[in-house]
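Please give a brisk structural report on the chain shown here. Start with its overall layout, then work through sheet, pocket and selected residues.

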Amino acid sequence: NDFNIQHDLFVIFDKDGVVTYRAEDSERKGDSISGDDLVKRVLLNGKENSNIVIKDGVVAPFVTIVSGSPIFKDNKIDGGVLIGDLIDDAYLEGFSKLTGLKAAVYGGDILSAGGTIGTKESNPVVKEKVLIKGETYYVDNRWLNRSFLSVYSPLKNVEGNPVGMIFVGRPQLEVLNLASKTLESI
């Protein structure tokens, strides 16, 4: 089996938060990332942690999942590693193939992957519950001109604040057909 993992971000840093290796640009090292909230948590707590990073793009924001883990030497924190993956259409396509669910990701209230990129979420209830209150919201709605049974869940940064959201759903007709087939079998 060929098993090739490719990440959009791979950075190794020392106990002071100074970059010792950066996969995407191996010549760029020696800069400090000690001010990064995820790096601070990894170095101070000595535990793995994750963050959702939103960066402005031309049409829509880029949404990246970044995970950090400490590196120990002689039972002391000697540095850490950051690994990040951009959540784009290819990422969501893999998720959809695996689960059978449709998915989309928003940076704030702007669709950044999984549909018409750059589209703003217009439902004020979704924005209030998910982006302001940080709650998961279940709804029967129209998405991409089809009726869906849907869930919107907040994407939270390392501080626990909602910075985006993920939509996961299945066309209502598919769910009803599946339920009908299940009842027939019973």
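## Chain layout

Along the sequence, the protein chain reads β-β-α-β-β-β-α-β-β-α-β-β-β-α. That comes to four helices and ten strands. The model is predicted.

The protein chain has 186 residues, and 33% of them are buried. Take the contacts with a separation of 6 or more: 43% of these link residues 24 or more positions apart.

## The five-stranded sheet

Five strands form an open sheet in the order β2-β1-β5-β4-β3, paired antiparallel. β2 (19-22) and β3 are the edge strands. Each has a single partner strand, so one side of each lacks a neighbour in the sheet. Between neighbouring strands of this sheet, the average turn is 20°, with direction ignored.

Helix α1 (residues 37-45) packs on the sheet. The helix touches β1, β3, β4 and β5 (76-86). Its direction makes about 25° with that of β4.

## Pairing within the sheet

Start at the β2 edge. Strand β1 (residues 9-14) runs antiparallel to β2, and three bridges join them. V11 has R22 as its bridge partner in β2.

Now the β3 edge. Strand β3 (residues 49-55) pairs with strand β4 (residues 62-73) over seven bridges, again in the antiparallel sense. I54 has V63 as its bridge partner in β4. The connection from β3 to β4 is a hairpin of six residues.

## The largest pocket

What volume does the largest pocket have? The value is about 410 Å³. The pocket is lined by 16 residues, and L9, V53, K55, T64 and V66 are the closest to its centre.

Four strands contribute to the lining: β1, β3, β4 and β5 each supply at least two residues. These strands are also the ones named as touching α1.

## S50 on the edge strand

S50 lies in strand β3. Is S50 buried, partly exposed or exposed? It counts as partly exposed, because its relative accessibility is 38%, between the 20% and 50% cut-offs.

Outside its neighbours within four places in sequence, S50 is in contact with L38, V66, S67 and V158. S50 and V66 are 16 residues apart along the chain, yet their C-alpha atoms are separated by 5.6 Å. The side chain of S50 also makes a polar contact with the side chain of S67, at 3.1 Å.

## The β4-β5 loop

D74 lies in the loop between β4 and β5. N75 is found in that loop too. Both have positive phi in a residue other than glycine: D74 is near 55°, and N75 is near 65°.

Which class of accessibility does D74 fall in? D74 counts as exposed, because its relative accessibility is 69%, over the 50% cut-off. N75 is exposed as well, with a relative accessible area of 78%.

## The β9-β10 hairpin and N157

β9 and β10 pair in the antiparallel sense over nine bridges. K156 has P162 as its bridge partner in β10. Five residues stand between the strands of this hairpin. Among them, G160 takes a positive phi near 90°.

N157 sits in the loop between β9 (146-156) and β10 (162-171). Why does N157 count as buried? Its relative accessible area is 16%, and buried means under 20%. A polar atom of the N157 side chain lies 3.1 Å from the backbone nitrogen of E159.

Which residues does N157 touch, leaving out those up to four places away in sequence? They are N51, I52 and V163. The span of β3 is residues 49-55, which takes in N51 and I52. V163 falls within the β10 span, 162-171. S50, in strand β3, has a contact to V158.

Technical notes: Residues are numbered from 1 along each chain as its sequence is written. This is a predicted model: local features need pLDDT of at least 70, side-chain atom pairs count only at pLDDT 80 or more; totals for chains, interfaces and linings use all residues. Side-chain values use heavy atoms; hydrogens and water are left out. Buried means under 20% relative accessible area, exposed over 50%, partly exposed in between (1.4 Å probe, protein chains only). A polar contact is a pair of N or O atoms within 3.5 Å; within protein, one must be able to donate a hydrogen and the other to accept it, and residues adjacent in sequence count only if both atoms are side-chain atoms. Contact means heavy atoms within 4.5 Å. Two strands pair if DSSP finds at least two bridges between them. Axes are lines fitted to C-alpha atoms, for helices over the stretch in contact, and angles run from 0 to 180 degrees between N-to-C directions. On a 1 Å grid over the protein atoms alone, a cavity is a set of points where a 1.4 Å probe fits but cannot get out, and a pocket is an open set with protein on both sides within 12 Å along at least five of seven lines; lining residues have an atom within 4 Å of a point. Grid points are joined across faces, edges and corners, and a volume is the space filled by probe spheres set on the points.
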